[in-house]
Amino acid sequence: KVVAVEVSRDAVFVGTANGYVCRFEVEVKRDEQGGMEASVSEEEVRSRLGSGAVSQLKFIRKLDILICLCDGNLTAHTPQHLKKHSMRFSVKNVLRFCIDEGRNVRMCVSLKARRDRGMLRMLQYDEDDGNFVPHKELGLPDSVVTMACNGDTICVGYEREYNLLDVETGEVKDIL
């Protein structure tokens, strides 16, 4: 059962409910009328990440890596062969994550916290070290269901509401 999908330049990555990530090559051609024709390779590359579902996948173009969330753990993989990348993450018990590929590559991670509260941790990519390092931490009123980031702004979705968070100032605005 497919539970997560991500697309890169020439591939589709599929995360499954039983802990696998699969890579399929995609070739897109334009015909003379401007239409599109896509073909998907029958040969797939597979990698087992854990026993639980692969809940999220994100390809980071600037770093040419695939970030995977499975069993509350983040792992990095080479997109061509899905081999585990040497990149380390300083977080565990991850619920969701999002990537901002702006000027500096940053990752926002929502963590399981105690007493029905949530926590956001901003990680920034350190080019010298080759890893994401902690940058900032923010407490949240509830566990995160979904989120997206753009620069210093993060849209966080909870079970019953959405907020915009300014990472640098900590300011919160209700939007729904």
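Strands in these legends are DSSP runs of E of at least two residues, and helices are DSSP runs of H or I of at least four residues, with both numbered from the N terminus. The views show a predicted model, in which local features need pLDDT of at least 70 and side-chain atom pairs count only at pLDDT 80 or more, while totals for chains, interfaces and linings use all residues. Residues are numbered from 1 along each chain as its sequence is written, and side-chain values use heavy atoms, with hydrogens and water left out.

**View A. R121 and its surroundings in strand β10.**
R121 is found in strand β10, which covers residues 118–126. With a relative accessible area of 18%, R121 is buried, a class that means under 20% relative accessible area, whereas exposed means over 50% and partly exposed lies in between, as computed with a 1.4 Å probe on protein chains only. When residues up to four places away in sequence are not counted, R121 touches S90, V91, M107, C108, V109, L111, K136 and E137, where contact means heavy atoms within 4.5 Å. For one of these contacts, L111, the C-alpha atom is separated from that of R121 by 7.6 Å, with the two residues 10 apart along the chain.

**View B. The open sheet of β1, β2, β3 and β4.**
This open sheet has 4 strands in the order β1-β2-β3-β4, with antiparallel pairing; two strands are taken to pair if DSSP finds at least two bridges between them. Strands β1 and β4 each have a single partner strand and stand at the edges, so one side of each is left without a neighbour in the sheet. On average, neighbouring strands of this sheet are turned by 20° against each other, direction ignored; the axes are lines fitted to C-alpha atoms (for helices over the stretch in contact), and angles run from 0 to 180 degrees between N-to-C directions. Strand β2 (residues 11–16) pairs with β3 in the antiparallel sense over 5 bridges, and within this pairing A11 stands opposite E25 of β3. In a regular strand, the side chains alternate between the two faces of the sheet.

**View C. The β3–β4 hairpin and the neighbours of R46.**
Strand β3 (residues 20–30) and strand β4 (residues 36–48) pair in the antiparallel sense over 10 bridges, and the two form a hairpin with 5 residues between them. In the turn, G34 has a positive phi of about 90°. Opposite C22 stands R46 in β4, and R46 also lies over the face of Y20, at 4.3 Å from the ring centre. A charge is counted as sitting over a ring if NZ of Lys or CZ of Arg is within 6 Å of the ring centre and within 35 degrees of the ring normal. R46 is partly exposed at 49% relative accessibility, as is E44 with a relative accessible area of 33%. The side chains of R46 and E44 meet in a salt bridge with an N to O distance of 4.0 Å.

**View D. Salt bridges across the sequence.**
A salt bridge requires a side-chain nitrogen of Lys or Arg within 4 Å of a carboxyl oxygen of Asp or Glu, and by this rule the count comes to 10 salt bridges. One of them joins the side chains of E6 and K58 at 3.8 Å, N to O. E6 lies in strand β1 (residues 2–7) and K58 in strand β5 (residues 54–60), so the pair ties together parts that are 52 residues apart in sequence. E6 counts as buried at 13% relative accessibility, whereas K58 is partly exposed at 25%. In another salt bridge, the side chains of D152 and R106 meet at 2.8 Å, N to O. Here D152 is in the loop between β12 (146–150) and β13 (153–157), and R106 is in strand β9 (residues 106–112), so that the pair links distant parts of the chain, 46 residues apart. D152 is partly exposed, with a relative accessible area of 34%, while R106 is buried, with 8%. A network of salt bridges links R106, K136, D152 and E168.

**View E. The stacked rings of F89 and F132.**
The structure holds 3 aromatic pairs. In one of them, F89 and F132 are stacked, with 6.0 Å from centre to centre and 15° between the planes. This pair links distant parts of the chain, 43 residues apart, with F89 in the loop between β7 (73–77) and β8 (94–100) and F132 in strand β11 (residues 131–140). Rings of Phe, Tyr and Trp (its six-membered ring) pair if their centres lie within 6.5 Å, and planes under 30 degrees apart count as stacked, over 60 as edge-to-face and the rest as tilted. F89 is buried at a relative accessible area of 16%, and F132 counts as buried at 2%. Ring pairs link F89, Y125 and F132 into a cluster.
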